[in-house]
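Here is a set of exercises to work through with the model open beside you. Try each task on your own before reading its solution.

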Amino acid sequence: MVRFPAGKEIDMSATLIVGGQWGDEGKAKIVDFLMKDHDVVIRYQGGANAGHTVVTSQGRFAFHLIPSGVLYPHVKGVLGNGMVIDPFAFIDELHEIISMGIDVEDRIFISSSAQVVMPYHKLLDNLYESELKEKKIGSTGKGIGPAYTDKYSRRGLRFSCFLLDKDELFEEVKGRVEFTNRILSLFNTPPLSPEKIASEVVGIRDLISHFVVDTYELICSFREQKKRILLEGAQGTLLDIDHGTYPYVTSSNCTVGGALTGSGLVPSDITRAIGVFKSYVTRVGNGPFPTELKGEEGNVLRERGNEYGTTTGRPRRCGWFDLVAAKYSVMVNGLTEIALTKFDVLADYPTVKICKAYRLGDRILDRFPQNSIVLDKCEPVYEELPGWKMKELDVSSFESLPESAKNYLLRIEKELGVRISFISTGPEREKTIIRS
Ligand code: IMP
């Protein structure tokens, strides 16, 4: 079911990596794994709300803004126009990866059209959350929602502002802070100092401007050189602002449409669309989650999977694999392949469950309801399958897996109608089973 290639000759091929659930599916490991066969990685949405962890022989890397694929020295990493980027957090992350021995010179680029996340966005994020009281979204507090609000109300600052001269940049920032102070006064919150924030932003201008590029130019050059691109999504399909469980979502398009608008690529560039799914489901923040395991069962799965947020350290809500939601992700993104992660975490359960439908009152639903109020009322209808042992997972091929493990995977594959190409059985690069 390859959907994207038109009948034309492909100059540049792109692989999309998209989260199939509510984020934290282990996308960074799959990106890292595929990166050796690609030349460029582009992050297309979100910001420092993401936390992408990769474990290599050089150590453990936790990325928030910089595309995780840059661990390979031949790879160029682009922070795409669809992102909202905190420039101070970018500098911190840059220093961190440099200190771990990663060369960044001429390898990391920020789109001049990406939006700047300002300190006041984080303040507003927390203020808006506290106003929601018991209906809080559970935001990471990284200023993502307010930064996208400014983008769409055309008040935002693009990274091209770092190409202005220092006085112009100072005035641009100062004006934004003065405007924000008028909003803060509505919340009886003390004003911020426009001069202080403007000076701080001017203070990092020279460092940031070094990375800012016109990504249209860059993509034209990638096209001419027939580069192989990997599009790295953050968060996941069910957190997408349009297709997710609104309002309990992030503020960007994590799905395939966002990959195009947020990078500048065109549909026919995408030759593979790989959805990354955990072998069970997790969610941080609030909102409906039909297969959530509450109480002790949930605690056990959380501890087995070490399910605590990379960005905030918050405990993640955990539950069984949800086929109804997964089918929705396949449809919404036109997935051509699936990567299933953390398969080892399900080992040693005597039996494992898969949710094959929802019960809503006296109705059985096999399609995912887009309405969160309806979804919240859905109860899972489970199928129970025999489990497998941890020691049986230390294999390099699908064929060598125990029958019960193969059965679980084939059951998911059959329902979704998409091949599971990768099965991850541990954080290390080598703990990945590839199906040809
Ligand atoms: P925000 O993106 O920080 O505004 O948070 C909105 C919702 O998305 C909250 O429920 C967050 O927990 C969730 N979220 C944001 N980023 C991630 C992520 O990288 N992984 C998982 N959940 C996330």
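## Exercise 1: A helix and its surroundings

The buried residues of α11 are Leu323, Val324, Ala325, Ala326, Tyr328, Ser329, Val330, Val332 and Asn333. Keep in mind that this is a predicted model.

**Task.** Work out how many of the residues of α11 are buried, and what is found at the start of the helix and just after it.

**Solution.**

Step 1. Take the cut-off for buried, which is under 20% relative accessible area. Nine of the 11 residues of α11 pass it, so the rest of the structure largely encloses this helix.

Step 2. Go to the start of α11. There, a side-chain oxygen of aspartate 322 comes to within 3.0 Å of the backbone nitrogen of valine 324.

Step 3. Go to the other end. Glycine 334 follows α11, and its phi is positive, near 60°.

## Exercise 2: A salt bridge between two helices

**Task.** Find which residue forms a salt bridge with lysine 327, and say where in the chain the two partners sit.

**Solution.**

Step 1. Search around the side chain of lysine 327. The partner is glutamate 415, with the closest N and O atoms 3.3 Å apart.

Step 2. Place the pair in the chain. Lysine 327 belongs to helix α11 (residues 323-333) and glutamate 415 to helix α13 (residues 403-416), so this salt bridge links distant parts of the chain, 88 residues apart.

Step 3. Check accessibility. Lysine 327, at 23% relative accessibility, is partly exposed, and glutamate 415, at 27%, is partly exposed as well.

## Exercise 3: Two more pairs

**Task.** The whole structure holds 22 salt bridges. Take the pairs arginine 228 with aspartate 39 and glutamate 413 with arginine 435, and decide for each partner whether it is buried or partly exposed.

**Solution.**

Step 1. Begin with arginine 228 and aspartate 39, whose closest N and O atoms are 2.9 Å apart. Arginine 228 is in strand β10 (residues 228-232), while aspartate 39 is in the loop between α1 (27-34) and β2 (40-43), so the salt bridge ties together parts 189 residues apart in sequence.

Step 2. Compare their accessibility with the cut-off. Arginine 228 has 34% relative accessibility and counts as partly exposed; aspartate 39 has 15% and counts as buried.

Step 3. Turn to glutamate 413 and arginine 435, where the N to O distance is 2.5 Å. Glutamate 413 is in helix α13 and arginine 435 is in the segment after β20 (432-434), so parts 22 residues apart in sequence are tied together.

Step 4. Classify this pair too. Glutamate 413 is buried, with a relative accessible area of 14%, and arginine 435 is buried at 13%.

Step 5. Finally, look for shared partners. Asp24, Lys278, Glu307, Arg316 and Lys342 are joined into one network by salt bridges that share partners.

## Exercise 4: The setting of one threonine

**Task.** Describe where threonine 341 is found and what its side chain reaches.

**Solution.**

Step 1. Locate the residue. Threonine 341 is part of strand β15 (residues 337-341).

Step 2. Ask whether it is buried or exposed. With 2% relative accessibility, threonine 341 is buried.

Step 3. Follow the side chain. It reaches the backbone oxygen of glutamate 25 at 2.5 Å.

Step 4. List the neighbours, leaving out residues up to four places away in sequence. Threonine 341 touches Glu25, Gly26, Ile30, Val276, Phe277, Lys278, Ser279 and Ser424.

## Exercise 5: Where two domains meet

**Task.** Characterise the interface of domain 1 and domain 2: its area, its salt bridge and the elements that supply the domain 1 side.

**Solution.**

Step 1. Set the bounds. The domain assignment gives domain 1 as 13-112 + 214-434 and domain 2 as 115-209. Domain 1 brings 29 residues to the contact and domain 2 brings 25 residues.

Step 2. Consider the area. About 2,200 Å² is buried between the two domains, and carbon and sulfur atoms give 66% of it.

Step 3. Count the polar links. There are 11 residue pairs in polar contact between domain 1 and domain 2. The rule finds one salt bridge across the interface.

Step 4. Ask which elements supply the domain 1 side. β6 (84-85), α2 (87-99) and β7 (108-111) each supply at least two residues, and α2 gives the most, with four residues.

Step 5. Sort that side by class. It has 12 nonpolar, 15 polar and two charged residues.

Conventions: Residues are numbered from 1 along each chain as its sequence is written. This is a predicted model: local features need pLDDT of at least 70, side-chain atom pairs count only at pLDDT 80 or more; totals for chains, interfaces and linings use all residues. Side-chain values use heavy atoms; hydrogens and water are left out. Domain bounds come from an automatic or database domain assignment. Contact means heavy atoms within 4.5 Å. Buried area is the accessible area (1.4 Å probe) that two parts lose on being put together, summed over both. A salt bridge is a side-chain nitrogen of Lys or Arg within 4 Å of a carboxyl oxygen of Asp or Glu. A polar contact is a pair of N or O atoms within 3.5 Å; within protein, one must be able to donate a hydrogen and the other to accept it, and residues adjacent in sequence count only if both atoms are side-chain atoms. Ala, Val, Leu, Ile, Met, Phe, Trp, Tyr, Cys and Pro count as nonpolar, Asp, Glu, Lys and Arg as charged, and the others, Gly among them, as polar. Buried means under 20% relative accessible area, exposed over 50%, partly exposed in between (1.4 Å probe, protein chains only).
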